[in-house]
Amino acid sequence: MKLISIVIPCYNSEATIRKVVEMVMEEFKKMDGYDCEFVLVNDGSPKDNTYGEIKKLGEQYQNVKGINLLRNFGQHNALMAALHYTEGDFILGMDDDMQTHPSQISKLIHKMEEGYDLVYGCYPKRKNSFLKNVTSKLNEVSSRILLGRPKDIVSSNFWMITRQIKDEVVKYDSFNPYIDGIFYRTTHKIGNVKVEHFKRAVGTSNYTLKKLIKLWLAYWNYSVIPLRISSVLGGVSAAGGFLAAIIIAIRKLIDPTVMVGWSSTICAIVVFSGLILMVLGIIGEYLGKMILILNRTPQYIVRETINVSDEEEKK
């Protein structure tokens with residue numbers, strides 16, 4: 001009997017989390033040779049009684065572990081918290097809104113049995129808003145360039161990993177984790193399986209544009225490519241300025257009456273000043289994160305738990 005640990009970060013999901021858990025349990029009743037446990041993390045939900053519902057599930061089902069964080073830390077921090085409490089042979093990441101649907105779990109399990117360390121469920125057709133689809137496309141391009149994601153692999157919030165990969169992932173203790181970035185640094189034995197994407201059962205996405213930008217900036221924790229891009233831009237700008245200076249000097253020698261324009265000088269100043277500020281901003285982003293790491297900014301803080309053993313609490 002293989003145990004599958006299902007980790008779900010919960011945020012304002014009082015209305016959906018019970019349905020998700022019980023539908024998953026029904027799916028596992030149909031599968032021979034597999035059992036499941038849940039690690040549900042309340043990520044400081046401000047609008048409803050999400051942890052109250054998690055506690056009720058924990059009291060009703062002994063295979064449901066509940067983790068209540070002290071405040072909102074973010075989806076990926078909540079996932080890192082959940083991973084510390086898993087005991088399964090495989091670990092499955094799901095959302096709390098029914099978009100990563102329980103009926104599709106068996107597809108990921110069967111793909112993992114082929115010997116992969118990590119399997120993503122990919123959606124032939126997404127049922128998200130226009131903004132979410134655009135940012136998802138940006139995520140695909142950025143993760144390939146900055147994180148080294150294989151070109152033939154599509155990532156998603158519906159994934160499954162082995163216990164060995166989980167044991168390596170939880171060693172990462174930085175305050176600003178990005179789960180996929182850690183996955184790509186841990187293994188290249190990654191697979192995709194097509195799954196159906198369902199509509200959100202209740203409400204709308206909790207990701208605002210500000211949160212999406214912040215998540216995208218987390219990529220920089222795993223890559224020095226932005227610094228290299230800034231170096232290239234600086235070199236190109238310097239070469240362009242040097243070339244322009246030569247052209248102006250030659251034109252002045254050929255035709256002494258040529259007037260050197262004030263507007264072109266201002267334009268050059270604005271362009272190069274902008275490039276300098278951009279490069280300084282990139283460097284500042286790295287330095288700021290280094291300071292936060294040195295100050296030991298917490299990845300997450302647990303307020304209380306349910307159905308968690310003393311040994312698990314000490315992890």
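Where is the place of asparagine 307? In this predicted model, asparagine 307 sits in the loop between strand S8 and helix H11 (310-313). The backbone there has a positive phi of about 60 degrees, although asparagine 307 is not a glycine. Most residues other than glycine have a negative phi. Asparagine 307 counts as partly exposed, because its relative accessibility is 26%, and partly exposed covers the range between under 20% for buried and over 50% for exposed.

A second residue of this kind is arginine 296, which is not a glycine either and has a positive phi of about 55 degrees. Arginine 296 belongs to the loop between helix H10 (262-294) and S8. With a relative accessible area of 68%, arginine 296 is exposed.

From these loops the text turns to the sheet. Here 8 strands form an open sheet with mixed pairing, in the order S7-S5-S6-S4-S1-S2-S3-S8. Its edge strands are S7 (190-194) and S8, each of which pairs on one side only. On average, and with direction ignored, neighbouring strands are turned by 20 degrees against each other. Strands of a sheet pair through backbone hydrogen bonds, either parallel or antiparallel.

Strand S4 (residues 90-93) shows both senses of pairing. S4 pairs with S1 in the parallel sense over 4 bridges, and with strand S6 (residues 159-162) in the antiparallel sense, also over 4 bridges. On the S1 side, isoleucine 4 has phenylalanine 90 as its bridge partner in S4, and serine 5 has isoleucine 91. On the S6 side, isoleucine 91 stands opposite isoleucine 161.

Which residues of S4 point one way, and which the other way? Phe90 and Leu92 point one way, Ile91 and Gly93 point the other way, and all are buried. In a regular strand the side chains alternate between the two faces of the sheet.

Helices pack on this sheet. Helix H2 (residues 50-60) touches S1, S2, S3 and S8, and its direction makes about 30 degrees with that of S8. The buried residues in H2 are Thr50, Tyr51, Gly52, Glu53, Ile54, Leu57 and Gly58. Their cover includes strand S1 (2-10), helix H1 (17-29), strand S2 (34-42), strand S3 (64-69) and strand S8 (302-306). An α-helix has 3.6 residues a turn, so residues three or four places apart point the same way.

H1 is thus part of the cover of H2. The axes of H1 and H2 come within 10 Å and cross at roughly 30 degrees. The two helices are therefore roughly parallel to each other, because angles under 35 degrees count as such. On the H1 side the contact involves Ile17, Arg18, Val21 and Glu22, which meet Glu53, Lys56, Leu57 and Gln60 in H2. By class, this contact has 3 nonpolar, 1 polar and 4 charged residues.

Helix H3 (residues 75-83) also lies on the sheet, across S1, S2, S3, S4 and S6, and runs at about 150 degrees to S1. How many residues of H3 are buried? The count is 9 of the 9, so H3 is largely enclosed by the rest of the structure. Among them are polar side chains such as those of Gln75, His76 and Asn77, together with Leu79, Met80 and Leu83.

Two further helices each hold a buried residue with contacts elsewhere in the chain. Lysine 111 lies in helix H4 (residues 105-112). Why does lysine 111 count as buried? Its relative accessibility is 19%, and the cut-off for buried is under 20%. Leaving aside neighbours within four places in sequence, lysine 111 is in contact with Tyr116, Val119, Asn192 and Val193.

Isoleucine 165, in helix H6 (residues 163-169), is buried at 5% relative accessibility. Not counting residues up to four places away in sequence, isoleucine 165 touches Asp117, Phe183, Thr186 and Thr187. For threonine 186, which is 21 residues apart from isoleucine 165 along the chain, the C-alpha separation is 6.9 Å.

Last come the cysteines. Cysteine 10 is buried at 0% relative accessibility, and cysteine 122 is buried with a relative accessible area of 14%. The structure holds 0 disulfides.

Terms used. Residues numbered from 1 in each chain as written. Predicted model: local features only at pLDDT ≥ 70, side-chain atom pairs only at ≥ 80, totals over all residues. Heavy atoms only, no water. Disulfide = S-S within 2.5 Å. Buried < 20%, exposed > 50% of the residue type's maximum accessible area, 1.4 Å probe, protein only. Contact = heavy atoms within 4.5 Å. Pairing = 2+ DSSP bridges. Axes fitted to C-alpha atoms, helices over the stretch in contact; angles between N-to-C directions. Parallel < 35°, antiparallel > 145°, perpendicular 65-115°, else oblique.
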